[in-house]
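Colleague: Take me through the salt bridges of this model, and then through the packing around the one that interests you most. Keep it close to the residues.

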Amino acid sequence: MVLPRGVCVAGRALPPVAALAQVLRLERIRRNAILFPLQQLERYLAPGADTAPFHLFEPELAALQRAEELFRSRQGHAIDYVSSAVRTDHAPPPAMPEVCFIGRSNVGKSSLIRALFSLAPEVEVRVSKTPGHTKKMNFFKVGKYFTLVDMPGYGYRAPQDFVEMVEAYLQERHNLKRTFLLVDGVVGLQKTDHIAVEMLEEFGIPYVMVLTKIDRAARGLLLKNVLGIQEFIKENTQGCFPQLFLVSSVEFSGVHLLRCFVAHVTGNLPAVEAS
């Protein structure tokens with residue numbers, strides 16, 4: 001897909017279509033593929049298939065724009081890295097609504113968070129080619145509206161105290177509004193992902209699954225993984241939001257929608273806009 005050239009903010013080049021205004025300049029098919037990648041798979045479903053899980057969160061343009069403003073740094077609205085912690089008593093005070101991102105090592109978690117914060121180029125989100133780079137809970141404050149937490153990856157090269165750290169956080173962080181469980185869109189749910197789901201279900205934590213790296217998955221494989229995970233959610237979960245979120249940190253597919261959902265679950269969008 002050929003995308004518009006990026007722009008430069010504060011001396012750093014932004015990815016193409018990082019801003020919603022850039023996406024809206026595209027032709028309709030390409031625009032919708034970036035904004036609503038899950039819905040683009042619907043045309044390949046078998047006749048009579050259940051399409052409800054594809055349309056639970058479809059915000060209007062006004063909501064997408066409002067969400068983008070939350071993720072865009074400016075005077076009077078700073079987006080900052082706050083601190084890192086290995087224990088909840090070292091974490092920042094739970095003064096604002098909070099979301100956390102968790103997933104298997106090398107699932108693309110830090111890359112996705114960098115994409116979400118691309119309109120605040122002064123925020124440094126470290127991305128490493130080595131799995132397991134994130135060893136602590138990293139807290140980012142988005143103005144006076146909410147906090148986003150980058151959690152260590154589980155599985156390969158996970159920190160030794162991962163279970164103790166993450167379980168304590170999930171159980172004790174009472175301002176946590178939603179956990180975003182990242183799953184590799186190419187390989188689908190893995191054994192370690194099932195363990196994470198069991199933990200979230202046991203603790204009664206509301207969560208949503210995000211399929212990453214969709215630019216690397218062939219359409220047929222991606223649809224197969226989507227349908228399989230949707231069925232798994234329906235049959236095996238109670239706390240998981242039924243709609244999947246598909247993202248590519250490279251092509252920016254689904255990033256604008258995910259920003260909007262974060263704004264929604266943290267209480268920063270009027271209900272009428274996010275319905």
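Modeller: Asp184 and Lys213 are both buried. Keep in mind that this is a predicted model. The side chains of Asp184 and Lys213 form a salt bridge, at 3.7 Å from N to O. Asp184 sits in strand 7 (residues 176-184), while Lys213 is in the loop between strand 8 (207-212) and helix 8 (219-236), so the bridge ties together parts 29 residues apart in sequence. For Lys213 the relative accessible area is 15%. That value is under 20%, which means Lys213 counts as buried. The backbone of Lys213 deserves a look too. Its phi is positive, about 60°, although Lys213 is not a glycine. Most residues other than glycine have a negative phi.

In total, the structure holds eight salt bridges. I would spend the time on another of them. Glu68 and Arg259 meet through their side chains, at 4.0 Å from N to O. This pair links distant parts of the chain: Glu68 belongs to helix 4 (residues 61-70) and Arg259 to helix 9, and 191 residues separate them. Glu68 is buried, and Arg259 is buried as well.

The pair is part of a network. Glu68, Glu69, Arg72, Arg74 and Arg259 are linked by salt bridges. Within that set, the side chains of Arg72 and Glu69 meet at 3.6 Å, N to O. Arg72 is partly exposed, with a relative accessible area of 27%. Glu69 is partly exposed too, at 31%. Buried means under 20% and exposed means over 50%, so 27% and 31% fall in between. The network therefore includes the buried residues Glu68 and Arg259 alongside the partly exposed Arg72 and Glu69.

Now follow Arg259 into helix 9. The helix covers residues 255-265 and gives the largest nonpolar core its largest share, eight residues. Of its 11 residues, 10 are buried, so helix 9 is largely enclosed by the rest of the structure. The buried set is Val255, His256, Leu257, Leu258, Arg259, Cys260, Phe261, Val262, Ala263 and Val265. Just after the helix comes Gly267, with a positive phi of about 80°. On the other side of helix 9, Phe252 is in the loop that runs from strand 9 (245-246) to the helix. Phe252 also has a positive phi, near 70°, and is not a glycine. Its relative accessible area is 1%, so Phe252 is buried.

Helix 5 packs against helix 9. Helix 5 (residues 109-116) crosses it at about 80°, with the two axes 10 Å apart. An angle from 65 to 115 degrees counts as roughly perpendicular, so helix 5 is roughly perpendicular to helix 9. From helix 5, Leu112, Ala115 and Leu116 take part in the contact. They meet Val255, Leu258 and Arg259 of helix 9. By class, the contact has five nonpolar residues, no polar ones and one charged. Arg259 thus appears in the helix contact as well as in the salt bridge to Glu68.

Next, the core itself. The largest nonpolar core has 49 residues. Phe101, Leu112, Phe117, Phe180, Phe245 and Leu258 have the most contacts inside it. Two of these names, Leu112 and Leu258, are already familiar from the contact of helix 5 with helix 9. In soluble globular proteins, nonpolar side chains tend to be buried together. Phe117 shows how one residue ties in. Leaving aside residues up to four places away in sequence, Phe117 touches Phe71, Ile79, Val123, Val125, Phe140, Val142 and Leu148. A second core is separate and has 41 residues, including Leu181, Ala196, Leu223 and Phe232.

Finally, Glu122. It lies in the loop between helix 5 and strand 5 (137-142). Its relative accessible area is 49%, so Glu122 is partly exposed. Beyond residues up to four places away in sequence, Glu122 touches Ser73 and Ile79. Ile79 is also one of the residues that Phe117 touches. Between Glu122 and Tyr81 the C-alpha distance is 9.6 Å, with 41 residues of sequence separating them.

Key
Residues numbered from 1 in each chain as written. Heavy atoms only, no water. Core = buried A, V, L, I, M, F, W, Y, C linked by side-chain atoms within 4.5 Å. Buried < 20%, exposed > 50% of the residue type's maximum accessible area, 1.4 Å probe, protein only. Helix = DSSP H or I, 4+ residues; strand = E, 2+ residues; numbered from the N terminus. Contact = heavy atoms within 4.5 Å. Axes fitted to C-alpha atoms, helices over the stretch in contact; angles between N-to-C directions. Parallel < 35°, antiparallel > 145°, perpendicular 65-115°, else oblique. Nonpolar A, V, L, I, M, F, W, Y, C, P; charged D, E, K, R; others polar.
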